[in-house]
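Let us walk through the charged pairs of this structure, then turn to its surface. Keep the model open as you read.

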Amino acid sequence: MKWGDLLGIDKELSYREFIMREYNEFHAPYSKEFEFYIAVKNGETDKVKKFCAEDFCNKIGLGKLSDDPVRNIKYHFVVTAALIARFCIEGGMNHETAYNLSDLYIIKADKYTDPKMLSELHAMMSADYTARMKQIRSKNIYSKPVVECVEYIYNNLHTRIRITDLAQYTHLNSSYLSRLFKKETGSTVTAYIQEKKIETAKNMLRYSDYLPGEISNILAFNNQSYFIDVFRKQVGMTPKKYRDMCSRQTDIINF
């Protein structure tokens with residue numbers, strides 16, 4: 001017995017298809033939907049902007065996932081976020097970045113009750129992913145050892161990463177790897193690690209309640225003073241001022 005028979009799905013499916021034919025209601029063509037996701041994956045900002053010009057909440061052929069109108073839109077938003085993330089991973093986006101970005105937008109969507117705001121968030125999410133993919137595609141393609149270093153750094157930001165760790169991971173000489181990394185990325189290994197740690201610190205200050213000292217420990221800085229000094233050099237302000245600035249911006253948006 002098929003699972004559809006066991007759960008009564010086959011019967012409901014037949015009835016649903018009959019009703020949709022009776023009322024001349026059909027889902028949007030798969031080819032158009034696929035074209036949208038490919039455009040995001042390829043970083044085609046103008047094309048994605050045209051797709052998003054259509055109101056997400058009133059898009060023809062959207063399909064009914066819930067009797068509640070707002071919940072219906074939220075479900076579709078989740079589906080879109082999940083698919084965009086996976087298409088972007090195929091296009092070269094780091095899988096953790098793609099999934100975390102999807103999670104953040106879904107969490108934001110879950111808080112909204114206004115369909116118009118959900119539609120605007122959908123357009124914002126689509127544009128964000130597309131811009132990131134455009135940037136990824138514009139960068140030079142790194143060699144395998146450098147790609148492995150980048151992945152290792154991303155997955156170990158909570159530790160003190162040394163060039164010897166990367167050399168052991170890639171099975172290369174430390175000096176050679178340092179030169180190769182600088183040649184391909186334009187940055188030293190140390191500078192690259194600090195940049196990625198500060199990017200993570202900025203997200204933690206914006207989206208969590210961790211104190212700067214706690215963030216310093218989590219990201220394995222030598223001490224809080226050093227963390228603040230590196231943060232100030234890269235961002236132009238202290239962690240506390242950055243969090244205060246983000247809070248003011250959030251208050252303005254919510255207002």
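**Salt bridges and a surface patch**

Arg132 and Asp128 form a salt bridge, with their closest N and O atoms 2.7 Å apart. The model is a predicted one. Both residues of this pair, Arg132 and Asp128, sit in helix α7, which covers residues 115-138. They are four residues apart, or about one turn of the helix. How buried or exposed are the two partners? Arg132 is partly exposed, at a relative accessible area of 35%. Asp128 is buried, at 19%. The cut-off matters here: buried means under 20% relative accessible area, so Asp128 with its 19% falls within the buried class.

Side chains of opposite charge can pair when their charged atoms come close. Across the whole structure, a search finds seven salt bridges. Two further pairs link separate helices, and they are taken in turn below.

Start with Lys47 and Glu35. Their side chains meet in a salt bridge, at 3.2 Å from N to O. Lys47 belongs to helix α4 (residues 45-52), while Glu35 belongs to helix α3 (residues 30-41), so this pair ties together parts that are twelve residues apart in sequence. Lys47 is partly exposed, with a relative accessible area of 31%. Glu35 is partly exposed too, with 36%.

Now move to Glu90 and Lys41. Here the closest N and O atoms are 3.6 Å apart, and the two residues form a salt bridge. Glu90 lies in helix α5 and Lys41 in helix α3, so the contact ties together parts that are 49 residues apart in sequence. The partners differ in cover. Glu90 counts as exposed, at 59% relative accessibility. Lys41 is buried, at a relative accessible area of 17%. Exposed means over 50% and buried means under 20%, which is why Glu90 and Lys41 fall in opposite classes.

Helix α5 also leads to the surface patch. The helix spans residues 69-90 and holds Val79. Which residues join Val79 in a nonpolar surface patch? Leu65 and Tyr75 do, and the three together make a patch of about 270 Å². Val79 itself is partly exposed, with a relative accessible area of 41%. Patch members need over 30% relative accessible area, so Val79 at 41% clears that cut-off.

To retrace the route: Arg132 pairs with Asp128 inside helix α7. Lys47 in helix α4 pairs with Glu35 in helix α3. Glu90 in helix α5 pairs with Lys41 in helix α3. Val79, in helix α5, contributes to the nonpolar patch.

Technical notes:
Residues are numbered from 1 along each chain as its sequence is written. This is a predicted model: local features need pLDDT of at least 70, side-chain atom pairs count only at pLDDT 80 or more; totals for chains, interfaces and linings use all residues. Side-chain values use heavy atoms; hydrogens and water are left out. Patches are made of residues with over 30% relative accessible area and no salt bridge: like charges are joined within 9 Å, nonpolar side chains (Val, Leu, Ile, Met, Phe, Trp, Tyr) within 5 Å. Accessible areas come from the Shrake-Rupley method with a 1.4 Å probe; for residues, only the protein chains shown count as cover. A salt bridge is a side-chain nitrogen of Lys or Arg within 4 Å of a carboxyl oxygen of Asp or Glu. Helices (H or I, at least four residues) and strands (E, at least two) are DSSP runs, numbered from the N terminus. Buried means under 20% relative accessible area, exposed over 50%, partly exposed in between (1.4 Å probe, protein chains only).
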